[in-house]
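Take a look at the fold below. Start with the ligand, then trace the strands around the sheet.

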Amino acid sequence: LISGPDALQTFGVWLAQSDFAKGAVLCDEFTAEQCLPLVRNAAPLLNSWPVLVVPRGEACKSLQEATNLWQQLTDYRIGRNDLLINLGGGSLTDLGGFVASTYLRGIAFVHIATTLLGMVDAALGGKTAVDLGPVKNRVGTTVFPERTVCDPVFLKTLLEEAWLDGLAESAKHALVGDAGLWKIISDSHNVKQTLVANLERIQAVKLRVVEQDPFEKDLRMMLNFGHSIGHAIESCALEAELKLISHGRAVAMGMVFESRIASQMGLLSDTDGDAIAAFITRHFGVPGLSWMNPDRLMHFLRLDKKNNGRTIRMSLPERIGSCRTGVEVSEEVVLSVLLENSTRT
Ligand SMILES: NC(=O)c1ccc[n+]([C@@H]2O[C@H](COP(=O)([O-])OP(=O)(O)OC[C@H]3O[C@@H](n4cnc5c(N)ncnc54)[C@H](O)[C@@H]3O)[C@@H](O)[C@H]2O)c1
């Protein structure tokens, strides 16, 4: 991981000294225009590399886009020892990592993350994915990049909603693995500045967990805190044809519900549960969930990947800074927390 204000320069030096003389750069329409010039400035070698451009956001994570890219890599005669550089947010690095890890049975790749969510989460940990139709992340690999580069220079252009997406995952990292970091983030009066100043500490939580359990046998599941209900909320919103709820916002709501479930099961103190809910409300507002049908939410929850057979399993906090994985949760508890908290809002 190359992270911090000098990251692009360090990457330029690394590339110049590496054995990679040839490769391609993958961008979306935004990063090709706004971010690529900065990268080329730091790594002039890239001026002669072909640039492959895909649509912005989740739309690029399709098998169709992957097929187009495999074809373009072939046309540019990118070979076994060449390098693909993925320059963008989480959608682009998910796609680019997938394409690189499957083309010619796998070529080397580098992620240069340009969103906060990418820097603290998506570009770390080696998971790659494309969506299968409407089903998110259905097809993918776990393969680690040569380098992940995170330079905060890119964050200057980030939109408000994208800051919130990054905040949600950063808060989650703190809640599952670093109580001191949680205090710093939750006490902050300038949360953007605090996130940038603590970038490496936020990344350290995920890196530590992934190092111990790269293929998500158990420990890594703790990073899914907030995601069981978060994903179910995203699916409900999709089904209800609402404006798509951003992933970060859904995870933030998921963390509130799952903390309440943990409290109701006697795992988490009410004080910690209240602190988590207050933080989320302060940054994300009070979620209006009257549109959500609890039966449909339960339906999507039952499909969650962490479940074992018919039992719902979640990663739940035991206290701030610590999380227990694989906790069996009864449908009654989930429903009662859902009903109580949905009617409150
Ligand atoms: N692989 C993993 O472990 C992992 C973890 C978390 C999330 N993800 C995935 O990440 C994706 C979401 O990623 P994201 O939130 O980074 O968004 P994104 O990659 O979908 O990008 C969102 C928008 O931000 C724009 N953008 C990129 N950099 C920018 C910048 N510097 N300034 C302004 N705009 C910029 C993009 O062009 C795009 O329009 C989802 O597909 C999710 O599934 C993957």
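Which of the 22 residues around the ligand come nearest? They are Asp28, Glu58, Ser91, Thr115 and Thr157. Keep in mind that this is a predicted model.

## Around the ligand

The shell is a mixture. Five of its residues are nonpolar, eight are polar and nine are charged. Some elements contribute at least two residues each: helix α5 (90-102), helix α6 (116-122) and strand β7 (135-139).

Three atom pairs deserve a look. Each involves an oxygen atom of the ligand, as listed here.

| Residue | Atom of the residue | Distance to a ligand oxygen atom |
|---|---|---|
| Gly90 | backbone N or O atom | 2.7 Å |
| Ser91 | polar side-chain atom | 2.6 Å |
| Thr115 | polar side-chain atom | 2.6 Å |

How much of the ligand does the protein cover? On its own, the ligand has 880 Å² of accessible area, and the protein covers 86% of that. Ser91 and Thr115 appear twice in this account: they are among the residues that come nearest, and a polar side-chain atom of Ser91 and one of Thr115 each lie 2.6 Å from an oxygen atom of the ligand.

## The sheet

Now turn to the strands. Six of them form an open sheet, and the pairing is parallel. Read across, the order is β1-β8-β5-β4-β2-β3. At the edges sit β1 (2-3) and β3 (51-54), and each of these pairs on one side only.

Look further in. Strand β4 (residues 83-88) pairs with strand β5 (residues 108-113). Their sense is parallel, and six bridges link them. Within this pair, Ile85 stands opposite Val110 in β5.

A helix packs on the sheet too. Helix α4 (residues 63-75) touches β2 (23-28), β3 and β4. The direction of α4 makes about 170° with that of β3.

Strands of a sheet pair through backbone hydrogen bonds, and the pairing can be parallel or antiparallel.

## A hairpin

Do β6 and β7 run parallel or antiparallel? Strand β6 (residues 130-132) and β7 run antiparallel, joined by two bridges. Val130 stands opposite Val139 in β7. Two residues lie between the strands of this hairpin. Gly133 takes a positive phi there, near 55°. Strand β7 also links back to the ligand, as it supplies at least two residues of the shell.

Methods
Residues are numbered from 1 along each chain as its sequence is written. This is a predicted model: local features need pLDDT of at least 70, side-chain atom pairs count only at pLDDT 80 or more; totals for chains, interfaces and linings use all residues. Side-chain values use heavy atoms; hydrogens and water are left out. Two strands pair if DSSP finds at least two bridges between them. Helices (H or I, at least four residues) and strands (E, at least two) are DSSP runs, numbered from the N terminus. Contact means heavy atoms within 4.5 Å. Axes are lines fitted to C-alpha atoms, for helices over the stretch in contact, and angles run from 0 to 180 degrees between N-to-C directions. A residue is near a molecule or strand if one of its heavy atoms lies within 4 Å of it. A polar contact is a pair of N or O atoms within 3.5 Å; within protein, one must be able to donate a hydrogen and the other to accept it, and residues adjacent in sequence count only if both atoms are side-chain atoms. Accessible areas come from the Shrake-Rupley method with a 1.4 Å probe; for residues, only the protein chains shown count as cover. Ala, Val, Leu, Ile, Met, Phe, Trp, Tyr, Cys and Pro count as nonpolar, Asp, Glu, Lys and Arg as charged, and the others, Gly among them, as polar.
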